[in-house]
Amino acid sequence: MSTIAIIGPGAVGGVIAASLLKSGHEVTLCARRAMGDVTVSLLSGDIKLTSPVTTDPAKAIAVDWVLVATKAYDAAGAAAWFPQLVGPRTRVAILQNGVEHRERFAPYLAAEKILPVMVDCPGERPSPDRIVQRGPGKMVVPAGAAGADFVQLFANSGLDVSATGDFTTAVWRKLCLNAPGAINALLLKPTGVFHDEAAAQLAREMIRECMAVGRAEGAILEDALPDQLLAGFRAAPRDGINSLHADRAAGRPMEVDARNGAVVRFGRKHGIPTPRNEMAAILLAAM
Ligand SMILES: NC(=O)c1ccc[n+]([C@@H]2O[C@H](COP(=O)([O-])OP(=O)(O)OC[C@H]3O[C@@H](n4cnc5c(N)ncnc54)[C@H](OP(=O)(O)O)[C@@H]3O)[C@@H](O)[C@H]2O)c1
């Protein structure tokens, strides 16, 4: 049994917390505001989050694992927990979208403490007292000692957690999936918009830009990926709402810098033009 602190018990953090509780771990929830009773509806059934909740970083104590599950733009707030939670043997896993997990937390932690995680764990928090797992949860980490320990941590959790020797491909493949989500956020139209051929073609082009940049970073991405991703969007429920769209609709900040912004940044680094992702990033940032 390991001691685990989850910073950001939202949709992903709640599903992870419930999955770890189910497998017998000791979990503390680090939230920025008080939480009442929360029930997590996992695919395997409901679990009440019985974990202690702390809202004061100064009162946290060191644990074996810190799992950061805030949005990417809340990195500085998440880091306020590190001085108390992170001891000499603590590892810090970053469960966020994007490709810059290490860079985002480099100002706050030594590089060897950070384990980046590709998180594909569909979930939502429809009300303050309820978190719902929307599909099978998958996480991928880089191979190595920390990655192996992370995989072990999730044994019997019901989540598919694996280590890979090619983490670069794992995160860029996920970014290719996320990049066209900006179209939904700009139009405030759910996944069904990709049945429109012009919107679908724009999505393919945004994915191709992301692929070109990802390949320059060393990711292995097959030519058929844009069509595969579009086929997935078209097979999904038409009323599905991605997090960028949900955040814009709710007037919350959006993770556009970690998503389309990253495509543009890494594109500049390699001299690869990314005009569609750049326009999306500029328009969403301006909102
Ligand atoms: N949800 C999904 O289906 C999904 C799937 C794949 C990847 N992801 C990625 O996973 C990450 C987390 O997403 P999410 O959907 O779980 O977001 P979320 O539901 O918004 O949860 C984030 C949580 O972090 C909390 N938080 C923010 N600052 C904090 C701080 N300083 N201390 C403690 N807690 C803090 C928020 O608190 P408040 O409640 O006060 O706002 C919220 O509860 C993102 O990078 C997202 O892109 C999400």
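Here a biologist and a modeller talk through the two domains, the salt bridges and the ligand site of a predicted model.

Modeller: Before we start, local features here need pLDDT of at least 70, side-chain atom pairs count only at pLDDT 80 or more, and totals for chains, interfaces and linings use all residues. Residues are numbered from 1 along each chain as its sequence is written, and side-chain values use heavy atoms, with hydrogens and water left out.

Biologist: Happy with that! What makes 3–164 and 169–285 domain 1 and domain 2?

Modeller: Those bounds come from an automatic or database domain assignment. The centres of domain 1 and domain 2, taken over C-alpha atoms, are 25 Å apart.

Biologist: How do you know which residues of domain 1 and domain 2 are in contact?

Modeller: Contact means heavy atoms within 4.5 Å. By that rule, 14 residues of domain 1 meet 15 residues of domain 2.

Biologist: And what is the area buried between domain 1 and domain 2?

Modeller: About 1,200 Å², with carbon and sulfur atoms giving 61%. Buried area is the accessible area (1.4 Å probe) that two parts lose on being put together, summed over both. In domain 1, Y73, N97 and V99 lose the most area to domain 2, together 45% of what that side buries.

Biologist: Why is the pair K71 and D247 called a salt bridge?

Modeller: The term asks for a side-chain nitrogen of Lys or Arg within 4 Å of a carboxyl oxygen of Asp or Glu. The closest N and O atoms of K71 and D247 are 3.1 Å apart, so the pair fits that definition. Between domain 1 and domain 2 the count is 2 salt bridges, while the structure holds 18.

Biologist: What makes R265 and E100 a tie between parts apart in sequence?

Modeller: Their closest N and O atoms are 2.9 Å apart, in a salt bridge. R265 lies in helix α11 (residues 260–270) and E100 in the loop between β7 (91–95) and α4, so the pair ties together parts that are 165 residues apart in sequence. Helices (H or I, at least four residues) and strands (E, at least two) are DSSP runs, numbered from the N terminus.

Biologist: Which residues come nearest to the ligand?

Modeller: V12, R32, R33, N97 and E255, out of 27 residues around the ligand; near means a heavy atom within 4 Å. A side-chain N or O atom of R33 is 2.6 Å from a ligand oxygen.

Notes: Polar contact = N/O pair within 3.5 Å; in protein donor to acceptor, adjacent residues only side chain to side chain.
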